Amino acid sequence: MRRTETYKVLSEVYFKDRHAHLVLKELDLKPEDQAFVSALVYTTLQHSLYLDYQFEDLIDKKLPKEIQLIIKMGLAQFFKMDKIPDYAIVNESVDLAKKIKKFRYAGVVNAVLKNVMKRGERPIEGDTLQVASIQYSMPLWILKLLSKQYSEAFALDYAIYCQQIKPAYVRLNTLKPTDTLDPSVFDTLGGHTIAKAELFKTNYLDEGYLLIQDVNSQEVVKQMALEPGMRVLDCCCGPGTKTTQIAALMENNGVIDGVELYESRATSTRQLMERTNVQIATIHTQDVLEYQSKEQYDRILIDAPCSGLGVLSHKHDLRYHIYPQDLDTLVTLQKDMLSHIAPMVKESGILMYSTCTLNRKENEKQIKEFLENHDNFTLLHDETMNPMETMGDGFYIAKLQRKY
């Protein structure tokens, strides 16, 4: 049953481009089953290209994608998970092929898995980036882009970084009393609060006493120079993590307008505002490019839709959902958002632009072009947060001020 549920989740991810964490949320399983399914899903995604490479030379390219997925799941258990006997992996995989009505391919699953297990790890051939792409399951085009924009060493370091377990950074919610929280469920790293495993057994998250938020994501809002009483616009605000941080730094005093395109994310954001005791935010379900305001804002945050190349260390499926041709579309959307929102910034007000990508076209080059076309703004500060140096996500921040 557990492998059947895993197969269903991965089918949604690979064949329908859905996000793994959203599909996993839809499951109704016992805790131990949920843990196994989650582990197998993320292990398969994290090592997807590596696993394909281990058996692709042994199959007909026309083998149904469903059967290839079953083989991949089996090899994820063989190469990357412990304490699962080889015979159990083979038997469960063969049974799974039968459960999805692919009876004629049960023998293929059996033979391919046994051949790979007998052969062991297949040597990887190619140049440095080609080998790294397979070894660390990072699409080659991403490695080439990062190598060109930064360096080959950066690209390789990032590929390795994305295969490692990251800390879960925690931000305590100052809008609720947190002095009674059990300190034993927290730890620190580089001066930042991180979660211990025990924290997830508490109700602290569900009741809004704290939020899981990447250390560099937190830095975006910190640099907005917020004060109580301000009027703030938070564009693309779902799921609301930064919105709650804005409200906390404003001490629940002022006005926050949050704009979110998707109703489901807007609803989740409103629910988060309630759990975290945010009383000054109004969430609008609307396209940012259509949003209008009669009054201008002291601060505006555009946490822009982006390629997400900075968050691949914990969103393993994203690397298989984004393609080179998507980047130009995103750059155009970001440009349009900046141009549409800029007039809503008060004179001397701050426009904060942020992305969770490492693609310079969405970052430095985007802001450079904006400033060339908007001489009433000046750049106060910008930076790219190196994930390997910060032990967080790759983020870009640009802090702009309106001059007149």
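Here are three short exercises on this predicted model, each with a worked solution.

Before you start, note that residues are numbered from 1 along each chain as its sequence is written. Local features need pLDDT of at least 70, side-chain atom pairs count only at pLDDT 80 or more, totals for chains, interfaces and linings use all residues, and side-chain values use heavy atoms, leaving out hydrogens and water.

**Exercise 1: two crossing helices**

Work out how helix 4 and helix 5 are oriented to each other, and which residues make the contact.

Step 1. Find the helices, which are DSSP runs (H or I, at least four residues; strands are E, at least two) numbered from the N terminus. Helix 4 covers residues 48-55 and helix 5 covers residues 65-80.

Step 2. Look at the axes, which are lines fitted to C-alpha atoms over the stretch in contact, with angles from 0 to 180 degrees between N-to-C directions. They come within 9 Å and cross at roughly 105°.

Step 3. Use the cut-offs: under 35 degrees is roughly parallel, over 145 roughly antiparallel, 65 to 115 roughly perpendicular, and the rest oblique. Helix 4 and helix 5 are therefore roughly perpendicular.

Step 4. List the contact residues (heavy atoms within 4.5 Å). Helix 4 brings S48, Y50, L51, D52, Q54 and F55, while helix 5 brings Q68, I71, K72, L75, A76, F79 and K80.

**Exercise 2: a salt bridge inside one helix**

Describe the pair K16 and E12: how far apart are the closest N and O atoms, and is each residue buried or exposed?

Step 1. Check the distance against the salt-bridge rule (a side-chain nitrogen of Lys or Arg within 4 Å of a carboxyl oxygen of Asp or Glu). Here the closest N and O atoms are 3.1 Å apart.

Step 2. Check the spacing: the two residues sit 4 apart in helix 1 (residues 2-16), so about one helical turn separates them. An α-helix has 3.6 residues a turn, so residues three or four places apart point the same way.

Step 3. Check accessibility (buried is under 20% relative accessible area, exposed over 50%, partly exposed in between; 1.4 Å probe, protein chains only). K16 is exposed at 58%, whereas E12 is buried at 18%.

Step 4. Widen the view: E12, K16, R18 and E26 are linked in a network of salt bridges.

**Exercise 3: a salt bridge between elements**

Say which parts the pair K242 and D303 ties together.

Step 1. The closest N and O atoms of this salt bridge are 3.0 Å apart.

Step 2. K242 lies in helix 12 (residues 241-249) and D303 in strand 8 (residues 297-303), so the pair ties together parts 61 residues apart in sequence.

Step 3. K242 counts as buried, at 10% relative accessibility.
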